[in-house]
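Welcome! Please take a moment to look at the sequence and the model before reading on.

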Amino acid sequence: MLKRKYGKIEWWRGTTDEVMIGAILTQQTRWENVEKAIHRLRKQNLCSMAAIDSTEWNNLEKTIKSTGFYRIKAARLKSLASHVLERYGGIERMAQQSTNNLRENLLGVYGIGEETADSILCYGFSRPCFVIDAYTKQICRCAGATMESSALKTEFEKVLPQDFAVYQQVHAHIVEYAKEYCVKKRCNECKIPTLNG
DNA sequence: GACCAGGTCCTTG
DNA sequence: CAAGGACATGGT
């Protein structure tokens with residue numbers, strides 16, 4: 001299943017802070033709308049945990065409005081920022097932690113579930129943590145693999161080489177593939193070609 | 001106007 | 001534990 005038809009996909013080429021921010025903003029939201037918000041945040045120098053932590057709620061909400069769910073997302077960004085600062089004092093210390101520790105801690109932060117935590121680890125901290133999202137689950141279901149996300153994650157990590165760069169590409173390819181061939185969330189209407197070559 | 005987007009949390013049964 | 005609703009703007 002070497003789907004190189006999409007070439008190398010570069011999601012998240014920003015800093016770790018930006019990846020974390022984007023990971024929350026993209027929850028249930030199109031990436032194009034997230035980019036707009038990130039540009040606005042950049043213009044105000046709000047693309048860091050410290051800045052998020054100290055800015056006014058009102059201002060934060062207004063700036064990320066284009067991503068929808070802006071009130072709850074502002075709360076999630078705030079909770080992540082204060083967690084990072086209180087627990088580690090900053091990204092540098094955070095980056096020294098083990099992957100398992102980081103994952104545990106991230107999952108304890110309000111607004112961060114499995115997918116967001118794994119996205120942050122894989123794309124922000126370059127850790128071999130495979131991301132299972134709705135598209136991946138759907139594709140696997142269509143292919144006959146009806147398992148929970150956590151089981152799928154384990155499976156992917158067992159089959160693929162333990163390399164964050166590989167995980168990043170494979171996940172990105174799966175999403176692009178699903179966007180192209182899956183019809184909404186109804187498997188029986190999907191037009192997925194055979195998964196080979 | 002209807003439907004959906006790279007989820008997560010909270011409430012119910 | 002599974003299922004359902006809430007959160008909200010922007011694009012097709």
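This report looks at the protein surfaces beside two DNA strands and then at how some helices pack.

This is a predicted model, in which local features need pLDDT of at least 70 and side-chain atom pairs count only at pLDDT 80 or more, while totals for chains, interfaces and linings use all residues. Residues are numbered from 1 along each chain as its sequence is written, chains are lettered from A and ligands numbered from 1 in the order in which they are written, and side-chain values use heavy atoms, with hydrogens and water left out.

**Around DNA strand B**

A residue counts as near a strand if one of its heavy atoms lies within 4 Å of it. DNA strand B has 23 residues around it, and W11, W12, Q28, G111 and T116 come nearest. Of the atoms of DNA strand B that come within 4 Å of the protein, sugar and phosphate make up 65%. By residue type, this surface has 8 nonpolar, 7 polar and 8 charged residues. Here Ala, Val, Leu, Ile, Met, Phe, Trp, Tyr, Cys and Pro count as nonpolar, Asp, Glu, Lys and Arg as charged, and the others, Gly among them, as polar.

Which helices help to build the surface near DNA strand B? Both α8 (114–124) and α9 (134–142) supply at least two residues each, and α8 gives the most, with 3 residues. Helices (H or I, at least four residues) are DSSP runs, numbered from the N terminus.

**Around DNA strand C**

The residues around DNA strand C are R30, N33, K36, K65, S66, G68, F69, Y70, R71 and I72. Sugar and phosphate account for 55% of the atoms of DNA strand C that come within 4 Å of the protein. This surface divides into 3 nonpolar, 3 polar and 4 charged residues. Its largest share, 3 residues, comes from α5.

**Polar contacts with the DNA**

A polar contact is a pair of N or O atoms within 3.5 Å; within protein, one must be able to donate a hydrogen and the other to accept it, and residues adjacent in sequence count only if both atoms are side-chain atoms. Here are some of them.

| Protein atom | DNA atom | Distance |
|---|---|---|
| G111, backbone N or O | strand B, phosphate oxygen | 2.9 Å |
| G113, backbone N or O | strand B, phosphate oxygen | 2.9 Å |
| Y135, side-chain N or O | strand B, phosphate oxygen | 3.0 Å |
| R71, backbone N or O | strand C, phosphate oxygen | 2.8 Å |
| I72, backbone N or O | strand C, phosphate oxygen | 2.9 Å |

**How α1 packs**

Axes are lines fitted to C-alpha atoms, for helices over the stretch in contact, and angles run from 0 to 180 degrees between N-to-C directions. Angles under 35 degrees count as roughly parallel, over 145 as roughly antiparallel, 65 to 115 as roughly perpendicular and the rest as oblique.

Helix α1 (residues 16–25) packs against α2 at about 135°, with the axes 10 Å apart, and the two are therefore oblique to each other. Contact (heavy atoms within 4.5 Å) is made by E18, I21, G22 and L25 of α1 and W31, V34, A37, I38, L41 and R42 of α2. These residues divide into 7 nonpolar, 1 polar and 2 charged.

The axes of α1 and α8 come within 9 Å and cross at roughly 155°, so these helices are roughly antiparallel to each other. In α1, T16, V19, M20, A23 and I24 meet T116, S119, I120, Y123 and G124 in α8. This contact includes 6 nonpolar, 4 polar and no charged residues.
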